[in-house]
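Hi,

Here is the structure I promised to pass on. Have a look first, and then read my notes underneath.

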Amino acid sequence: MTHLTSRTTLLVVATFGVGAVHVVPTAAGAQPAAAARTVQVDLARDRAGHEPVSFLPVVGHWVVATDAGRKVILADGRAWKRGQPAGGLADKARAIYGARHEEFIDNVKAFAYFPIAVARDVPSFANGDIALRFKMIGGTLDRCAGILFDLKSNGDYLTVRFNGTEDNVVLWTFNGGRRSFVKRGTENFPLELGTWHELRASVHGTAFTAYLDGKLVLEHTLTAPVSGRVGLWSKTDSMSEFADFAVTSAAR
Amino acid sequence: MQCSAQCGAGRGAQRAITAVAFLAVIGHPAAAQGATRAAGQVARACGRDTTGAWYRRQRAWADESRHDWSDDALRSALLDAAGLGASSAVGALPGFEVVGEQLTATGADSGPRTRLLDSLRALARNRQAPWPTRSVVGAAGVRAVWLLVARDTALSRTALHRMMEAGPDESPPAAVATLEDRLRIGAGRKQIYGTQLSRAADGTLALAPLEDREHVDLRREAAGLPPLGQTLCAARALGGR
């Protein structure tokens, strides 16, 4: 797994499925109160050919696949149908939002064009970096891969995504069953299918930045600080692979 | 190219045969009966299975037996402008076309066609205006639009976006894939479905530059197109050497 930030001072490896968390100090003399922590999703417990356990598929069809011998998460849009939440949505919503899951389900159904999978063991992200690598494979209508963040218990969320049919990075907000454009990246990037790329979202208070393959592509001032769950985002029939999902939480 | 020894049976065919056989495959009335037979022979030689999922999917999409479109007048105008007969069935797209020889609406430009193209351009400029998709003009009407926009790159680009936005129930994925590849090659990019073949000076057909060949059949299957190997075999047999 790739470590995505040089600011990491503690490495927290969450072993999903059993709930064990290992904290490994990586820099001598770091101050715990101000330390950043990186949670890197480990797919060791996920089984190829099955629905992931490290991410909870809420909308769309998500499966663990292998790519060059290593496990990745595949958003498989071939099975996408309009308005189709993932199977077992109620149970999954209950798993992450408990008694408040009904509002979440209603809202998520309104966004069923957009497959999402929630990182099971990242209960909240407010400040820091979220990074992943993605590889677009196909999709007749869309070829998207994105970072889901600020997911609330009512189903509202933000996403920053790359769209291979538009060749751009865009920040979107989803509120009350409505998707709204926030900001488009500064330039277009015609990425080739079948190649890996890194997308990173950085949040510091209301300052939001996004990076594609290490290049700053989008800057925006959010209307409010974020606080919510995080995960993977896709769109309609996109076939996209995801790997190396990492969340580096920093003090505000 | 992947091609069985049997593909050699069709080598030496002329460029025109490719186009006419293509017409036959897509059910265009301009296709001669002989071309239909030629297409059938090639299909047998290259193992094209018309009971395959891709074929059944395209045929199912094109089924107009329910007569469930809303604008008969526009549909008739589109069919007329594209040179399609009012009763012509929409055939399956074969999964390839030759760069610079792609099928467009037949016949000379006429007043009605010019007016219709102007109307499509007006629709293209207005994002709120409904694009003529399956529920509006039926499968044959959508095919007519696809043929009509082929000569206008800007209009083709808008048509592609509108077709993508409309989704697979309203726009045939095979046509979306072919159009996207055509526009990508035209813009100097690599294609992603392998639908575009280029013809060398000696008449040889070759696959135009393709991205991510590893997953191309996955994409073709999702778009309702036959496997690339099968398509290349058929294309070569029809018009390559």
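The largest nonpolar core has 122 residues, and Phe149(A) and Ala144(B) have the most contacts inside it. Keep in mind that this is a predicted model. The element that gives the most to this core is helix H6 of chain B (residues 134-148), with 9 residues. If you want to look around Phe149(A), leave out residues up to four places away in sequence; what it then touches is Phe125(A), Ile130(A), Tyr157(A), Leu158(A), Ala201(A), Val226(A), Gly228(A) and Val230(A).

Where the chains meet, 13 residues of chain A are in contact with 16 residues of chain B. On the chain A side, those residues split into 5 nonpolar, 4 polar and 4 charged.

Now chain A by itself. Its secondary structure comes to 2 helices and 17 strands. Of its 252 residues, 47% count as buried. Looking at contacts in chain A with a separation of 6 or more, 66% come from residues 24 or more positions apart.

A good stretch to click through is strand S14 of chain A (residues 207-212), where the side chains alternate. Phe208(A), Ala210(A) and Leu212(A) point to one face and are buried, while Ala207(A), Thr209(A) and Tyr211(A) point to the other face and are not. In general, strands of a sheet pair through backbone hydrogen bonds, either parallel or antiparallel. S14(A) pairs in the antiparallel sense with strand S13 of chain A (residues 196-204), over 6 bridges, and also in the antiparallel sense with strand S15 of chain A (residues 215-221), over 6 bridges. Leu212(A) turns up in both pairings: it is the bridge partner of Leu199(A), and Lys215(A) in S15(A) is its bridge partner too.

Both connections are hairpins. S13(A) and S14(A) have 2 residues between them, and Gly205(A) in that turn has a positive phi of about 65°. S14(A) and S15(A) also have 2 residues between them, and there Asp213(A) in the turn has a positive phi of about 50°.

What about helix H1 of chain A (residues 89-97): which of its residues are buried? They are Leu89(A), Lys92(A), Ala93(A) and Tyr97(A). These residues cover an arc of only 105° around the axis, which puts them on the same side of H1(A). The face turned away from that buried side carries the exposed residues Ala90(A) and Asp91(A). Strand S4 (55-59) and helix H2 (101-110) of chain A are included in what covers the buried residues of H1(A). Just after the helix, Gly98(A) takes a positive phi of about 55°.

Over in chain B, helix H3 (53-62) can be read in a similar way. Trp54(B), Gln58(B), Trp61(B) and Ala62(B) are buried in H3(B). Seen down the axis, these buried residues fall within an arc of 95°, so they line one face of the helix. They pack against H6, helix H8 (173-186) and helix H9 (216-222) of chain B. On the face turned away from the buried side sit the exposed residues Ala53(B) and Ala60(B).

Chain B also has an open sheet of 3 strands in the order S1-S2-S3, with mixed pairing. Strands S1 (97-98) and S3 (205-207) of chain B stand at the edges with a single partner strand each, so one side of each has no neighbour in the sheet. Strand S2 of chain B (residues 196-199) and S3(B) pair in the antiparallel sense over 3 bridges. One residue pair to find there is Arg199(B) with its bridge partner Leu205(B) in S3(B).

Finally, two loop residues that you may want to check by eye. Phi of Asp167(A) is near 65°, a positive value in a residue other than glycine. Asp167(A) lies in the loop between strand S10 (157-163) and strand S11 (168-175) of chain A, and counts as partly exposed, with 15 C-beta neighbours inside 10 Å. His67(B) is not a glycine either, and has a positive phi of about 50°. His67(B) is in the loop between helix H3 (53-62) and helix H4 (72-82) of chain B. Is His67(B) buried or exposed? With 7 other C-beta atoms within 10 Å, His67(B) is exposed.

Cheers

Notes
Residues are numbered from 1 along each chain as its sequence is written. Chains are lettered from A and ligands numbered from 1 in the order in which they are written. This is a predicted model: local features need pLDDT of at least 70, side-chain atom pairs count only at pLDDT 80 or more; totals for chains, interfaces and linings use all residues. Two residues are in contact if their C-beta atoms, placed from the backbone, lie within 7 Å. Ala, Val, Leu, Ile, Met, Phe, Trp, Tyr, Cys and Pro count as nonpolar, Asp, Glu, Lys and Arg as charged, and the others, Gly among them, as polar. Two strands pair if DSSP finds at least two bridges between them. Helices (H or I, at least four residues) and strands (E, at least two) are DSSP runs, numbered from the N terminus. A residue is buried if 20 or more other C-beta atoms lie within 10 Å of its own, exposed if 12 or fewer, and partly exposed in between; C-beta atoms are placed from the backbone. A nonpolar core is a set of buried Ala, Val, Leu, Ile, Met, Phe, Trp, Tyr and Cys residues joined through C-beta atoms within 7 Å. The arc is that of the directions from the helix axis to the C-beta atoms.
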